Amino acid sequence: MTSASDTDTAGTTRITHGTCTLCEAMCGLEFTVTDEGVQSIRGDKKDPLSRGHICPKATALVDIHQDPDRVRRPLQRTESGWRELEWKDAIDIVARRLAAIREEHGADAVGVYAGNPNVHSLGAMTHGIPFLSMLRTRNRYSATSLDQLPHQLTNMLFYGHQLRQPIADIDNTQFFLVLGANPMASNGSMMTVPDFGKRVKELRARGGRMVVIDPRRTETADVADTHLFIRPGTDAYLLLALINVIVTDGSATPAAYVDGLDAVTEAVAAFTPEAVAPGTGIDADVIRSLARDLASADSAAVYGRMGVSTQQHGTVCQWAVHVLNIVTGNLDRVGGVLFTDPAVDLIANKITGRGHFDKWRSRVRDLPEFSGELPASTLVDEMTVDGPGRVRAMVVASGNPVLSMPGGPRLDAAFRELDFMVSFDIYINETSRHADIILPSTTALERDHYDLIFSSFAVRNIAKFNPAVLPKPAGAMHDWEIFRDLTLRYSAVRRRSLRDRTAGRLGRASVVREVRTRLSPGRTIELLLLAARGHVTMRSLRKHPHGQDLGPLRPGLPGKLLTRTKRISLMHDVVTTDIDRLRATVTAAPRADDDLVMIGRRHVRSNNSWMHNSPRLVKGRPRHGLLAHPDDLARLGIADGDTVDVSSAAGTVRIDVTASDSMMVGVVSIPHGFGHDRDGVQLDVARTVLGPSVNDITDPARVENVAGNAILNGVPVTLRPAGSAHSTDKSISGDPSTSSAVNASSSTGGQMA
């Protein structure tokens, strides 16, 4: 997060404005700052996007800044513990070790993992991504394939670019259909929509309607007009049935630049409401009525998020979401789904490429790459299976894969065996504790910010640049400075090695890279704005500390299409293959009543795995527990508040249970991001927070059928009372009976999800 000073008041107190960068919402903030630091944080009522909205996470920015556990100097792991290094020495060690491993074992012996916080930092975007690309390894991974990979693949297929994402025009729509998303907790994802609750009230005030389909009655479902339970993993059947009804009724109204409606009609013919009702748990008449309401609405938007992406048929789900918006005539319609017009256009400026799919495959499991990255679920295979190209060194940039990837225990063991590892992190966490070197940057309050990514996904066009709220501490480095120095040092080491062997000269591409590396992020944004030749300039942004309002989303097709034909093709071979798989199982018997499947859960006070060290966020009632329907618990002889062992094909965790009729029968829910009580983790508050890591029981062997996205929802599990004869104690993690977190957490009430 960051800010811009716009008013000085008497004495040493000043009011300054900025943006929260902890999630995708880009909420505007107002800071009261004195010589002692930030004294208060409020929502900025003049921000044209967030309109004064603020969530509890924003106030925790001060906790992060002041955290005594925060790493502030480079650290080196030694046999006797961690020791501080000078920046020059730390960067030299990293550059030399990475270059040496590449020299001995090849470029693919260096693996890269980029975590979610990178896209929330301007410096990581302008300097971090180029450095990671410079390593030229095929063993590149990121949070993309733990989350939104089906979005990016289908965007590329439909519109010609992985980030050409249609955004729901929630401020104008009359019918909003939400699947596998909880924007009341997330403030939107792949749809930046702060103040979602108020926007839903405005939707209703103009006579609109919101329908939520989810296996849990979420916070978003609570404010919806209609909530429908659906069995996890069956969303694709439902979506295909909705398309079936619309095309069969003759209600499809795609634009003139759309091809393939007949092929879609043929592909979905078997997916009638009657055929999919038993498996989805939604009555056929309800499905048919939902489809007709969608097709007949004056304007409508279908929005499917992480819940439908992180399952077996995630790509088909996102394909079907696009098709529904297109065939109902709601693509590029006010109140439907529209493309944004950001001041700094990632696409026009070629900051990100179009994307490509299946140009090569992973060494061990033969999984396809997307846009130069392999599915994260196979990283552990590439680290542990010997042979040419095995990952021997890891560069982990602002990520915690031990908690965020499926198969956490296997990854934990694999990281211990690496020849070398560097973590770009401000904490010694579950993953970085294995690093040889930790390089910590400044935090959000101390650096400038312009949101390159989420301006492209916002429900209103906005541009905003904010200088840092607080000065950079002496001896600290911004992330872009770390990546700059590392880029230059690594290039020098590699160049010396190449000259020793070939007497080669520095190529033109290397010269250009080094020139760009020396530009600050702010100067980079200034140049990109100048290149755009629009009315937004760095000067105009500094005059608008609350943000420069660029207006509502506007129609722009077919001009904004980036497909080579400048048309939209509805059918694609990679999707057709998986629809064929679905067709073969559409009439299969639904699961047995005693089968359980697991889904995730999000809470507004949580942010993946890295904000449990904020005292103000973790206070209050426990949020780590498993939720299950009372009928399921009664059938299993488990009482509300009991401790149970939850087992999957990947392992077993021990966790407390809460009975809740918000859950669909047959479905249980465990939140992501817990499991901090591990040896070597130096997070004093987080270690008191109860709960195992759910990714200790998600299975890296199971990936989404097309793109290889991780499967985090619809995971088959069993529940048994803790310590029962059928439990396998040897594989249990997060055991409350042995965890040192129990007593401390019980006394402070410090848990969160």
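Over the ring of which residue does the charged end of R164 sit? I looked this up before anything else, and I found the charged end of R164 over the ring of F339, 5.4 Å from the centre of that ring. I note here, before going on, that I am working with a predicted model.

**Entry: the four-stranded sheet**

I turned next to an open sheet of four strands, whose order I wrote down as 12-11-10-14, with parallel pairing. Its edge strands are strand 12 (226–228) and strand 14 (300–304), each of which pairs on one side only. I also noted that neighbouring strands of this sheet are turned by 15° against each other on average, with direction ignored.

Within this sheet I followed strand 10 (residues 175–179) and strand 11 (residues 209–213), which pair in the parallel sense over five bridges. Along this pairing, V178 stands opposite V212 of strand 11. I reminded myself that the strands of a sheet pair through backbone hydrogen bonds, in either a parallel or an antiparallel way.

Which helix lies across these strands? I found that helix 12 (residues 284–296) lies across strand 10, strand 11, strand 12 and strand 14, and that it runs at about 135° to strand 10.

**Entry: strand 7 and its two partners**

I then asked myself whether the residues of strand 7 (residues 110–114) are mostly covered or uncovered. Strand 7 turned out to be mostly covered, since five of its five residues are buried. I recalled that in a regular strand the side chains alternate between the two faces of the sheet. In strand 7 both faces are covered, with V110, V112 and A114 buried on one side and G111 and Y113 buried on the other.

Looking for the partners of this strand, I found that strand 7 pairs with strand 18 (residues 393–397) in the parallel sense over five bridges, and with strand 8 (residues 140–142), again in the parallel sense, over three bridges. I took V112 as my marker: V112 stands opposite V395 in strand 18, while in strand 8 its bridge partner is R140.

**Entry: strands 27, 28 and 29**

Here I looked at strand 29 (residues 651–659), which pairs with strand 27 (residues 626–628) in the parallel sense over three bridges. On that side, L626 stands opposite V657 of strand 29. Strand 28 (residues 643–648) and strand 29 run antiparallel and are joined by six bridges, and I marked R654 in strand 29 as the bridge partner of D645. A hairpin joins strand 28 to strand 29 through two residues.

**Entry: the nonpolar cores**

Which residues have the most contacts inside the largest nonpolar core? This core has 112 residues, and the ones with the most contacts inside it are F176, L177, I213, I243, W319, Y450 and I568. Helix 9 (residues 235–249) gives the most to this core, with 11 residues. I picked out I243 and, leaving aside its neighbours within four places in sequence, found it in contact with V264, V268, W319, A320, V323 and L324. A second, separate core has 31 residues, among them I101, A109, L135 and A397. As a general point, nonpolar side chains tend to be buried together in soluble globular proteins.

**Entry: aromatic rings**

I counted nine aromatic pairs. The rings of F131 and F483 have their centres 6.0 Å apart and their planes at 40°, so I entered this pair as tilted. The pair links distant parts of the chain, since F131 lies in helix 4 (residues 122–134) and F483 in helix 18 (residues 479–502), 352 residues apart. Both F131 and F483 are buried, and ring pairs link F131, F424, F483 and Y490 into a cluster.

**Entry: backbone details**

Finally I checked the backbone at three places. The peptide bond from L557 to P558 is cis, with omega near 5°, and P558 lies in the loop between strand 24 (548–552) and strand 25 (568–569).

S371 has a positive phi of about 50° although it is not a glycine, and its place is in the loop between strand 17 (368–370) and helix 15 (379–384). At 27% relative accessibility, S371 counts as partly exposed.

For R533, which is also a residue other than glycine, phi is positive, near 55°. R533 sits in the loop between helix 20 (521–532) and helix 21 (538–543). Is R533 buried or exposed? Its relative accessible area is 77%, so I recorded R533 as exposed.

Terms used:
Residues numbered from 1 in each chain as written. Predicted model: local features only at pLDDT ≥ 70, side-chain atom pairs only at ≥ 80, totals over all residues. Heavy atoms only, no water. Pairing = 2+ DSSP bridges. Axes fitted to C-alpha atoms, helices over the stretch in contact; angles between N-to-C directions. Contact = heavy atoms within 4.5 Å. Phe/Tyr/Trp six-rings, centres within 6.5 Å; stacked < 30°, edge-to-face > 60°. Buried < 20%, exposed > 50% of the residue type's maximum accessible area, 1.4 Å probe, protein only. Lys NZ or Arg CZ within 6 Å of the ring centre and 35° of its normal. Core = buried A, V, L, I, M, F, W, Y, C linked by side-chain atoms within 4.5 Å.
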